[in-house]
Amino acid sequence: MTRKLYIKTFGCQMNEYDSSRMADVLGESHRLELTDDPESADILLVNTCSIREKAEEKLFSQLGRWNKLKKKNPDLLIGVGGCVASQEGDAIWKRAPYVDMIFGPQTMHRLPNLLDEVKAIKIQIEKVGRKNAPKDRVIDISFPEIEKFDNLPEPKAEGPTAFVSIMEGCSKYCTYCVVPYTRGEEFSRSFDDVITEVAELAQQGVREVNLLGQNVNAYRGEMHDGNIADLALLIRYIAAIDGIERIRFTTSHPAEFSDSLIEAYAEVPELVSFLHLPVQHGSDRVLAAMKRGYTVLEFKSKIRKLRKIRPDITISSDFIVGFPGETDEDFARLMDLIAEIGFDHSYSFIYSKRPGTPAANIPDDLSEAVKKQRLSILQARIHQQAMKISRGMLGNIERVLVEGISKKDSGQLMGRTENNRIVNFDGDKELIGQLVNVRITEALPNSLRAELLHSDSDQQKLSA
Ligand code: SF4
């Protein structure tokens with residue numbers, strides 16, 4: 001019988017990507033099949049994220065639920081991976097001694113070996129008893145970055161879009177963030193490896209790649225001649241790969257948003273007119289306390305340059321409200337920046353103390369009520385702006401990549417615009433994987449409706 005794997009993922013896109021790689025490596029090594037049902041699984045993995053508040057609480061309540069399953073089925077194996085695993089290490093066993101393995105974001109490629117080790121330990125425990133066994137569980141939270149990229153399984157396309165990890169870690173050390181401690185310093189994958197992976201994905205039908213990294217525009221990949229390529233150069237080469245029609249990248253840092261990257265927007269039409277650029281705040285005083293490494297003016301100047309090249313570009317961001325010491329005036333500056341840039345749908349959070357970070361020691365006398373009020377003002381504004389952008393698209397002819405069947409209506413197709421909006425429209429299933437032109441007919445809060453104009457192949461026939 002096929003053994004089943006269930007993975008619970010918390011957090012960001014990097015974690016989603018890592019979870020699908022975990023499924024790939026274990027599928028290849030142990031023929032494990034992914035399941036949506038933890039109760040029917042033989043192995044339960046949780047991929048944690050420590051960026052947001054209550055990460056540990058979320059983890060331990062998840063583990064508590066799984067422990068009940070383990071009591072019913074003692075052969076069930078439980079593993080904890082990701083940033084909380086890296087941060088907490090063997091302390092996880094104090095609260096959850098029934099966890100069989102702990103691995104970090106940089107050691108997920110070693111999962112097959114870790115799993116074998118756990119199984120060997122179990123057999124030994126059965127023979128000699130837990131007390132006499134030299135080990136009763138395994139942990140590997142080291143940072144072997146090079147190895148991680150070298151041991152990824154062959155890329156497998158799962159539809160017309162694909163994530164490609166090009167760098168890992170972060171060396172920015174913002175005062176509120178744990179990523180540099182949990183994922184290690186920035187490390188870029190080799191240029192040739194990335195190009196090869198994208199070319200293979202393109203051959204398998206991928207039309208859009210999303211280049212991933214905690215600080216993706218800090219990419220500095222070694223080329224075969226020893227030169228170092230930045231993200232802009234990598235994008236130019238990827239755009240030249242047959243079949244690749246759209247390029248996205250996530251997540252960027254404003255301080256690394258170089259002129260060469262801005263120029264790429266002028267020269268590479270495959271680079272979508274959408275940018276997620278986390279500014280975090282709109283007050284220089286708060287940005288300095290966060291140690292973000294740029295001022296509001298510098299951020300605005302980069303956006304101005306970019307908009308000169310792509311006036312229609314949609315920009316989204318991340319915001320933290322209620323950073324320790326944030327005054328009414330700081331918050332007003334943040335709101336001014338939001339209005340001035342006209343940010344689209346964005347991620348926004350109330351600051352939460354991460355143990356071991358410098359900001360955790362800054363006195364914080366702002367009440368929770370004020371923080372919540374600021375967050376809701378900000379989110380209402382962002383929602384308003386996002387709706388304005390969507391309504392502004394009414395009647396537009398948009399090129400969308402058809403990703404599959406609509407989740408709302410199985411008789412419709414679902415595509416995505418360059419500016420990351422889901423569009424539902426009537427069309428033939430054969431269009432999945434193609435870029436088609438649609439006319440936007442309705443703007444809803446989280447999606448658009450449209451009518452299909454014609455597919456790329458029709459377009460070619462028309463112009464022939
Ligand atoms: S840039 Fe700052 S916020 Fe982003 S991952 Fe690095 S340290 Fe964290």
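Five of the five residues of strand 19 (residues 412-416) are buried, so the strand is largely enclosed by the rest of the structure. This is a predicted model. Six strands form one open parallel sheet, and three strands form another open sheet, also with parallel pairing. Strand 19, by contrast, runs antiparallel to strand 18 and to strand 20. The ligand has a shell that includes Cys 170, Lys 172 and Arg 292.

**Strand 19 and its partners**

- Both faces of strand 19 are covered. Gln 412, Met 414 and Arg 416 are buried on one side. Leu 413 and Gly 415 are buried on the other.
- Strand 18 (residues 397-405) joins strand 19 through four bridges, and the two run antiparallel. Gly 404 stands opposite Met 414. Val 402 stands opposite Gly 415.
- A hairpin of six residues links strand 18 to strand 19.
- Strand 20 (residues 422-426) is joined to strand 19 by five bridges, again antiparallel. Here Arg 416 faces Ile 422 as its opposite number.
- Five residues lie between strand 19 and strand 20 in their hairpin. Asn 420, in that turn, has a positive phi of about 70°.
- Strand 18 also pairs with strand 21 (residues 435-443), antiparallel, over five bridges. Glu 398 stands opposite Val 438 in that pairing.

**The six-stranded sheet**

- The strand order is 2-1-3-4-5-6, in an open sheet with parallel pairing.
- Strand 2 (33-34) and strand 6 (138-140) are the edges. Each has a single partner strand, so one side of each is left without a neighbour in the sheet.
- Two bridges join strand 1 (residues 4-9) to strand 2 in the parallel sense. Leu 5 stands opposite Leu 34.
- Helix 1 (residues 13-30) packs on this sheet. Its contacts are with strand 1, strand 2, strand 3 (43-48) and strand 5. The direction of helix 1 makes about 170° with that of strand 1.
- Helix 5 lies across strand 3, strand 4 (77-82), strand 5 and strand 6. It runs at about 160° to strand 5.
- Pro 105 sits in the loop between strand 5 (101-103) and helix 5 (111-128). With a relative accessible area of 3%, Pro 105 is buried.
- Pro 105 and Lys 72 are 33 residues apart in sequence. Their C-alpha atoms are 30 Å apart in space.

**The three-stranded sheet**

- The order is 7-10-13, with parallel pairing in an open sheet.
- Strand 7 (161-165) and strand 13 (246-250) are the edge strands, each pairing on one side only.
- From one strand to the next, the twist averages 25°.
- Strand 10 (residues 208-212) pairs with strand 13 over five parallel bridges. Val 209 has Ile 247 of strand 13 as its bridge partner.
- Helix 8 (residues 191-203) packs on the sheet and touches strand 7 and strand 10. Its direction makes about 165° with that of strand 7.
- Ser 165 is found in strand 7. At 2% relative accessibility, Ser 165 counts as buried.
- Leaving aside neighbours within four places in sequence, Ser 165 is in contact with Met 14, Tyr 17, Phe 149, Arg 189 and Leu 212.

**Helix 9**

- Leu 231, Ala 232, Leu 234, Ile 235, Ile 238 and Ala 239 are buried in helix 9 (residues 231-239).
- Seen down the helix axis, the buried residues of helix 9 fall within an arc of 160°, so they line one face.
- An α-helix has 3.6 residues a turn, so residues three or four places apart point the same way.
- The cover over the buried residues of helix 9 includes helix 8, strand 10, strand 12 (228-229), strand 13 and helix 10 (259-267).

**Ligand shell**

- Cys 170, Lys 172, Tyr 173, Cys 174, Tyr 176, Cys 177, Val 179, Pro 180, Asn 215, His 253 and Arg 292 surround the ligand.
- By class, the shell divides into seven nonpolar, two polar and two charged residues.

Terms used. Residues are numbered from 1 along each chain as its sequence is written. This is a predicted model: local features need pLDDT of at least 70, side-chain atom pairs count only at pLDDT 80 or more; totals for chains, interfaces and linings use all residues. Side-chain values use heavy atoms; hydrogens and water are left out. Two strands pair if DSSP finds at least two bridges between them. Axes are lines fitted to C-alpha atoms, for helices over the stretch in contact, and angles run from 0 to 180 degrees between N-to-C directions. Contact means heavy atoms within 4.5 Å. A residue is near a molecule or strand if one of its heavy atoms lies within 4 Å of it. Ala, Val, Leu, Ile, Met, Phe, Trp, Tyr, Cys and Pro count as nonpolar, Asp, Glu, Lys and Arg as charged, and the others, Gly among them, as polar. Buried means under 20% relative accessible area, exposed over 50%, partly exposed in between (1.4 Å probe, protein chains only). The arc is that of the directions from the helix axis to the C-beta atoms.
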